[in-house]
Amino acid sequence: MREIAFIKQNKEKWLDFELAIFGKSKKNPDEMASLYIHLINDLSYAQTYYPKSKTVKYLNYLASQIYQKIYKTKRVEKNRILEFFLTEVPLIVYEYKRYLLYAFVLFFCFFAIGAVSAKYDAEFVRLILGDGYVNETLENIKDGNPVAIYKSGSNWGSFIGITVNNLYFGTLCYLEGFFLGIGTLYRLLNTGIMVGSFQYFFYEQGVFWESVRGIWIHGAFEIFAIVVHAAAGFILGASILFPKTYSRVNSLKIGVKNSLKIYLSSYPFFIAAGFLEGFITRYSIDMPIWLSVGIIISTLSIISFYYLIYPYIIHKKINKNVSTL
């Protein structure tokens with residue numbers, strides 16, 4: 001069958017799928033399961049005979065959205081907040097995993113640019129971090145505590161101020177995705193270069209290990225969450241630039257809906273980062289090495305598992321549940 005005939009034959013059925021996905025028609029769990037099975041058959045056929053066509057991408061997207069609907073309609077007894085974090089967000093992250101990959105690759109590239117620039121330009125760190133910060137840190141290094149700057153202010157005051165600032169920065173990073181992702185890219189560029197030059201500065205001063213023990217107690221959550229916000233911003237930009245088979249307006253609606261959920265999922269990590277910076281980081285120089293390293297490994301493992309591994313586990317689990325319906 002030619003592709004155009006295949007599309008014509010199944011067009012009404014796929015439109016029905018779309019209505020069910022976006023809540024414009026009501027379907028019970030059994031009907032949703034039936035729709036999913038039909039769609040999988042169509043997807044398999046398309047993958048076999050039109051592997052490089054837009055039809056395959058379109059059907060694959062519908063399939064992923066339908067099994068999200070199946071799961072939500074069959075597990076309504078679950079706490080809505082828990083469902084959001086434990087099921088809904090991981091499924092969306094899995095669907096948009098390439099944008100998270102793009103954000104990480106770009107961040108590490110910008111990090112390298114910052115470190116190399118700091119190595120070959122003695123004034124670069126001052127340009128990025130400011131004279132006040134650099135001079136104060138140099139004094140702290142002479143006094144034997146490179147991260148003493150994190151001791152300024154009260155515990156609660158630092159926690160609240162840092163958390164609000166992080167959420168504000170992350171929100172701007174996300175919302176600037178509306179400008180075709182360019183604003184998001186710029187903020188990720190600034191962050192990567194700042195962190196890279198910042199870490200090289202401590203390396204150059206011979207206190208790299210001491211800085212790592214302190215900064216990354218809260219930095220694992222904070223920097224990772226910023227990268228997640230950047231990925232959400234890129235999703236926004238891509239929904240405008242690349243609408244695929246949808247109108248640009250409908251593509252943007254889908255992009256906003258899904259990227260917003262990814263963005264909101266980072267809030268607990270930003271709050272935890274603020275707490276760690278306000279209450280724990282300031283004591284890093286005094287705590288045992290095993291404790292500071294243990295906190296860093298634990299925080300990095302938790303957020304890495306949630307965004308990089310858990311989505312694959314949930315995706316596999318949902319696929320298994322759907323196949324038994």
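**Figure 1. Salt bridge between Asp131 and Arg126.** Asp131 is partly exposed, at 44% relative accessibility. Its partner is Arg126, and the two side chains meet in a salt bridge with an N to O distance of 3.2 Å. Arg126 is also partly exposed, at 24% relative accessibility. The model shown in this and the other views is predicted. The count of salt bridges in the structure comes to 3.

**Figure 2. Salt bridge between Arg187 and Glu176.** The side chains of Arg187 and Glu176 meet at 2.9 Å, N to O. Arg187 lies in helix α9 (residues 182-204), and Glu176 in the loop between α8 (155-175) and α9, so the salt bridge ties together parts that are 11 residues apart in sequence. Glu176 has a relative accessible area of 18%, and because buried means under 20%, this residue counts as buried.

**Figure 3. Salt bridge between Lys261 and Glu88.** Side chains of opposite charge can pair when their charged atoms come close. Here Lys261 and Glu88 form a salt bridge of 2.3 Å, N to O. The pair links distant parts of the chain: Lys261 belongs to helix α11 and Glu88 to helix α4 (residues 80-95), with their positions 173 residues apart in sequence. Both ends of the bridge are buried: Lys261 has 15% relative accessibility, and Glu88 has a relative accessible area of 3%.

**Figure 4. Positive surface patch at Lys54, Lys57, Lys97, Arg98 and Lys244.** These five residues form a positive patch on the surface. Helices α3 (54-74) and α5 (97-120) each supply at least two residues of the patch. Lys97 is found in helix α5. At 33% relative accessibility, Lys97 counts as partly exposed.

**Figure 5. Ser64 and Glu95.** Ser64 is found in helix α3 and is buried, with a relative accessible area of 10%. The C-alpha atoms of Ser64 and Glu95 are 7.6 Å apart in space, while the two residues are 31 residues apart in sequence.

**Figure 6. Nonpolar surface patch at Leu180, Ile182, Leu241 and Phe242.** The four residues make a nonpolar patch of about 400 Å² on the surface. Phe242 is found in the loop between α10 (208-241) and α11 (248-265). Phe242 has a relative accessible area of 54%; exposed means over 50%, so this residue counts as exposed.

**Figure 7. Aromatic pair Tyr263 and Tyr267.** The structure holds 32 aromatic pairs. In one of them, the rings of Tyr263 and Tyr267 are edge-to-face, with 5.4 Å centre to centre and 80° between the planes. Tyr263 is buried, with a relative accessible area of 5%, whereas Tyr267 is partly exposed at 26%.

**Figure 8. Aromatic cluster.** One aromatic cluster is formed by Phe104, Phe107, Phe108, Phe111, Phe221, Phe224, Phe269, Phe305, Tyr306, Tyr307 and Tyr310.

**Figure 9. Overall chain, for placing the close-up views.** The protein chain has 13 helices and 0 strands. From the N terminus on, its elements run α-α-α-α-α-α-α-α-α-α-α-α-α. Of the 325 residues of the chain, 49% count as buried.

Note on methods: Residues numbered from 1 in each chain as written. Predicted model: local features only at pLDDT ≥ 70, side-chain atom pairs only at ≥ 80, totals over all residues. Heavy atoms only, no water. Patch = residues over 30% accessible without salt bridge, like charges linked within 9 Å, V, L, I, M, F, W, Y side chains within 5 Å. Areas by Shrake-Rupley, 256 points an atom, 1.4 Å probe, with all protein chains shown as cover. Lys, Arg positive; Asp, Glu negative; His and termini not counted. Charge placed at Lys NZ, Arg CZ, Asp CG, Glu CD. Helix = DSSP H or I, 4+ residues; strand = E, 2+ residues; numbered from the N terminus. Buried < 20%, exposed > 50% of the residue type's maximum accessible area, 1.4 Å probe, protein only. Phe/Tyr/Trp six-rings, centres within 6.5 Å; stacked < 30°, edge-to-face > 60°.
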